[in-house]
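Me: I'd like a close look at one part of this model. Here it is:

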Amino acid sequence: MGAVGSQTLADPGSLGMEGAAMLRWGLVSTARINDRLLDAVARSERSQFIAVASRDGQRARAYADRWELPIAFGSYAEMLECDELDAVYISLPNDQHAEWSVRFADAGKHVLCEKPLALSTAEVDEMMAAAARNSVVIQEALATRFHPQTARVAGLIAGGTLGRVIFGEGVFDFTMPNTTDIRLDPELGGGAMWDVGCYVVAFYQAVLGEDPVRASAHAVWGPTGVDLAFAGSLSYPSGACVQFTASMITPVARLARIVGEQGTLILDQPWLTNIGALTTVQQEVVRQSMGEGTFGDEPGTIERTAWDHGPSDVYIDQLTAFEDMVISGVSSPYPLRDSRTNVAVITALLHSARTGEQVTIPRS
Ligand SMILES: NC(=O)c1ccc[n+]([C@@H]2O[C@H](COP(=O)([O-])OP(=O)(O)OC[C@H]3O[C@@H](n4cnc5c(N)ncnc54)[C@H](OP(=O)(O)O)[C@@H]3O)[C@@H](O)[C@H]2O)c1
């Protein structure tokens, strides 16, 4: 173990010295997704990684050498005792998110935990209680939400330019090459809905300003018992309906489209998991419809506006927001109660896909 020189970060939110405090991070696992946060942290002046924990000590040591991390632990539990850490990044399989978030929170560490935050609302309740009793931040790492595009879309919808929202669409499809991937294991919380459907659910939670009340869904189940492809439908109190697909067995496709009575928003890169993506939010608003006497199938006068963003890195956007929460005490724009709602929605969708029934989503 090497010596780590940086100030102790205690009493989160009380420092009032943004830019001067340095968060010292540990990685909980050697997952592939770590690379994204390692790259983001390398570009931050407020964070540094100093440790990694793995189920396997040799793997931890090799990983630490590769990324020049001074501390390596041969189990996650050993890392709990490390006084030099302020925060951990949990990139474990989905079934272990809740357990290790709670254990690290109880050890006094702030937690950035990969999506989906948990597999049941009961698990989220335990995480919320752990964050509260230890005065630490637990944040779901659903990075897409931290891109400025998400706030822009939420603002455009709230501003009323589209009129009443009638439909939302979402597509997050890809083809998974790896037959031993954690996403195929039901015991680890696998399946397309938990893996990529969660982005669509969280996106609409972030932009619509209301939560769905009913879910119905269809799934294509694989031999291991997970959903390989998923089609879901969510109904909202306003009367809006969101329909989406989430797939691990079809060609790459990504899109979101929000349709109101007066206009449409189209996002070409709504989930933004690829670094450097150039994204466009395109708005089409009907300024003058055709008069009576037509069948209503003429477009009328359409005003088109486009907002370009990029090149994007949502992992930096997310890291900056997390640093603000821990160092400056800024409230999360996507707190745990939002994650809890999304877990309830996903659970209802999966129940519908299994039973063929329409499911009423319990209120948080
Ligand atoms: N935000 C995003 O853009 C994004 C993208 C991809 C994935 N994710 C999320 O990140 C998490 C990790 O995904 P990933 O694809 O990076 O995972 P991965 O490469 O398969 O790594 C998972 C890690 O978890 C540890 N682990 C503990 N128990 C395990 C078990 N029973 N089987 C396999 N590994 C186990 C392993 O680390 P050790 O052996 O070193 O302990 C392994 O390296 C998931 O929750 C996923 O949803 C997020």
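Which strands and helices do the buried residues of H4 pack against?

Reply: Quick ground rules before H4. This is a predicted model, so local features need pLDDT of at least 70, side-chain atom pairs count only at pLDDT 80 or more, and totals for chains, interfaces and linings use all residues. Residues are numbered from 1 along each chain as its sequence is written.

The buried residues of H4 pack against strands S1 (23-28), S4 (87-90), S5 (110-114) and S6 (138-141), plus helices H3 (76-80) and H5 (121-134). Helices (H or I, at least four residues) and strands (E, at least two) are DSSP runs, numbered from the N terminus. Contact here means C-beta atoms, placed from the backbone, within 7 Å of each other.

H4 itself spans residues 97-106 and is mostly covered, with 7 of its 10 residues buried. A residue is buried if 20 or more other C-beta atoms, placed from the backbone, lie within 10 Å of its own, exposed if 12 or fewer, and partly exposed in between. In H4, the buried ones are His 97, Ala 98, Trp 100, Ser 101, Val 102, Phe 104 and Ala 105. After H4 comes Gly 108, with a positive phi near 85 degrees.

As for the ligand, 21 residues surround it, and the closest are Ser 29, Thr 30, Ala 31, Ile 33 and Ser 54. "Near" means a C-beta atom, placed from the backbone, within 6 Å of the molecule or strand. Domain 1 (23-141) and domain 2 (145-312 + 334-360) both give residues to that shell, so the ligand lies between them. Those domain bounds come from an automatic or database domain assignment.

Note on methods
Contact = placed C-beta atoms within 7 Å.
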